[in-house]
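Trainee: I would like to go through the reasoning behind some structural labels with you. Could we start by looking at the model together?

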Amino acid sequence: MAFVDLRDRASVSDMVGRALADARITDIHTHIYPPSFGSILLWGMDEILTFHYLVAETMRWLDMPYDDFWKLSKHEQADVVWKTLFIDHSPVSEACRGVLTMLDALGLDVSSRDIESYRAYFARKRAEEHVDDVFGLVNIDSVVMTNDPFDDLERPSWLAGRQGDPRFHAALRLDAMLNSWETAAPVLRGWGYKVDDAAAGQSASEVRRFLKEWIDRMDAFYMAVSLPPSFLFPEDSARGRLIEECVLPIAAEMNVPFAPMIGVKKQVNPGLMLAGDSVGKCSIDVIEYLCRNYPEIRFLVTILSRENQHELCVAARKFRNLMVFGCWWFLNSPSIIEEMTRMRLELLGLSVIPQHSDARVLDQVIYKWIHSRRIIGQVLTDKYCDIAETGWLVSEDDIRRDVDGLLGGNFWRFLGRSK
Ligand code: FIX
Ligand code: ZN
C-alpha cells in the first residue's frame, strides 16, 4: 500500500484532485429529466441564461417592469440577461461564472462573447447525445430527479411507464400535497383516492395508498418536500397530520428515507416568479424531534439558511439516522460551500453528502460539480495535511475510498441500496 507523503501538500492536493476527478458522482438532488420526459428536460443556451438565479440578478439592473420581461420570448429574455450580466457588467457572480465554466467545459470560446455561436453549438446537438456529453464531462454516474405526480407535464410520462434512462433515479416530491392540501385534495379525489378537505376520516389510508403506488411506480429513492422556515412538527394542521399519519409510516414501511428541505420563504417577490423565493432560519428542534421519535426512519436533510448549518451539524452528531446533504440554493457559493464543508468535516468527519447540483438546466451539473469538487478538494487536502502533522499516514486507496464516499457512496449506503 503506497502511503502519501502528507508533508508535501502539493502531492496530496494532486492526489485528492485525481481522486475527485475519477470518482463517479451520484448527484442526489436535481431538477433534470431524461430526454424521454420531453420538454421538462431543460438544456441549451437560452435555458442556461434564463435560469431564475440569473433573472433575479438581471432585474437588479433594470427598470423594466417584471411583466414586460416575462412577455418576451425565452430567446429575447436570454438576450437581455446576456447583455445585462455579461456585456454591460463583468459576470463575477457564481451563477454568471457558472455559465462561463459550462461554455468553456463544452469547448466553446468564452473570450469571443459570441452568444450566437454558443446557440449554434446547442442547435446542432440532440438531447440524448448532450446528456451523455454533459454527464461524461464531470463523471456523473447517476442523478436523482425531483418528481411530482401533480405536475401535469411530468405525470403522463410516469403513467405511460416511460422512465427510459437508468442514470435517472426518482425522488417523490410532496410539496403540492403537503403544502397545499386544499388544492391537492380535489385532485386526489379526481384520481380515485377517497380523501376529504380536512385530511380526516379515511384520508390518511388513502394518502398512504397514493404514496405507496407512486413510490412503486417511480422506484423512488426517497420522499422530499421543501418547507417554510416556520415548519414545526408535530403540528395540528393538514400538513402535520399527513406527515405523521402518512409520510412517516410509509417511509418506515417501504424503507424509503424522508427528505425535509427546510427554510424556503416562498414568493417574497411574486413578480420574479420562480426567482421570487427567499430564505429564512428554521428551528432545528423539528429535525431533532423527527430523528429522536422515528429512529427507524432515515432523514436526508438540507436546510437553506446559513445560520442553521452549525446546529444541523451538531444534530447530525446526535442522530445516525440523519444525513446532512448539499449546499442548497443560496448556499451554493464558493465562500459558503467552503465554510460548510470545513464545518461538516470537522464535526462529522466523512459521514456527510457534501454537495448536490440542484441543476434545473442539464448543463448546470457541469459548473456545479467543477466548482464544488475544487472546494471539496481544497478542504480535504487541508484535513489530510492536518492529521499528517501527527505522523498519521494516508494511502492513495484511503483517499479514493473517502472521496468515493463523499461523491456517492455515502448516499447509496444511507439508502441501503447498491448502485
Ligand atoms: O425546492 C427545491 O428543490 C429548490 O431547489 C428549487 O425550488 C429552487 O428553485 C432551486 O432550483 C434552487 O437551486
Ligand atoms: Zn431543488
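Mentor: Gladly; here we take the labels one by one and check each against its definition. This is a predicted model, in which local features need pLDDT of at least 70, side-chain atom pairs count only at pLDDT 80 or more, and totals for chains, interfaces and linings use all residues. Residues are numbered from 1 along each chain as its sequence is written, chains are lettered from A and ligands numbered from 1 in the order in which they are written, and side-chain values use heavy atoms, with hydrogens and water left out.

Trainee: What makes His 29, His 31 and Asp 358 donors of the zinc ion (ligand 2)?

Mentor: Donors are N, O and S atoms within 2.8 Å of the metal (3.2 Å for Na, K and Ca); water is not among the atoms, so sites may look incomplete. Here NE2 of His 29, NE2 of His 31 and OD of Asp 358 coordinate the zinc ion at 2.0 to 2.1 Å, so they meet the 2.8 Å limit. Their spacing along the chain is H-x1-H-x326-D. His 31 lies in the loop between β2 (25–27) and α2 (45–49), and Asp 358, 327 residues away, in the loop between α16 (334–348) and α17 (364–388). Helices (H or I, at least four residues) and strands (E, at least two) are DSSP runs, numbered from the N terminus.

Trainee: Why is His 31 called buried?

Mentor: Buried means under 20% relative accessible area, exposed over 50%, and partly exposed in between (1.4 Å probe, protein chains only). His 31 has 12%, so it is buried. Asp 358, at 9%, counts as buried too.

Trainee: How do you know that Asp 46 and Arg 119 form a salt bridge?

Mentor: A salt bridge is a side-chain nitrogen of Lys or Arg within 4 Å of a carboxyl oxygen of Asp or Glu. The closest N and O atoms of this pair are 2.8 Å apart, so the pair qualifies. It links helix α2, which holds Asp 46, to helix α7, which holds Arg 119, 73 residues apart. Asp 46 is buried at 18%, and Arg 119 is buried at 10%.

Trainee: Why are the buried residues of α7 said to be on the same side?

Mentor: In α7 (residues 115–123) they are Ile 115, Tyr 118, Arg 119, Tyr 121 and Phe 122. They cover an arc of only 155° around the axis, which puts them on the same side of α7. The arc is that of the directions from the helix axis to the C-beta atoms.
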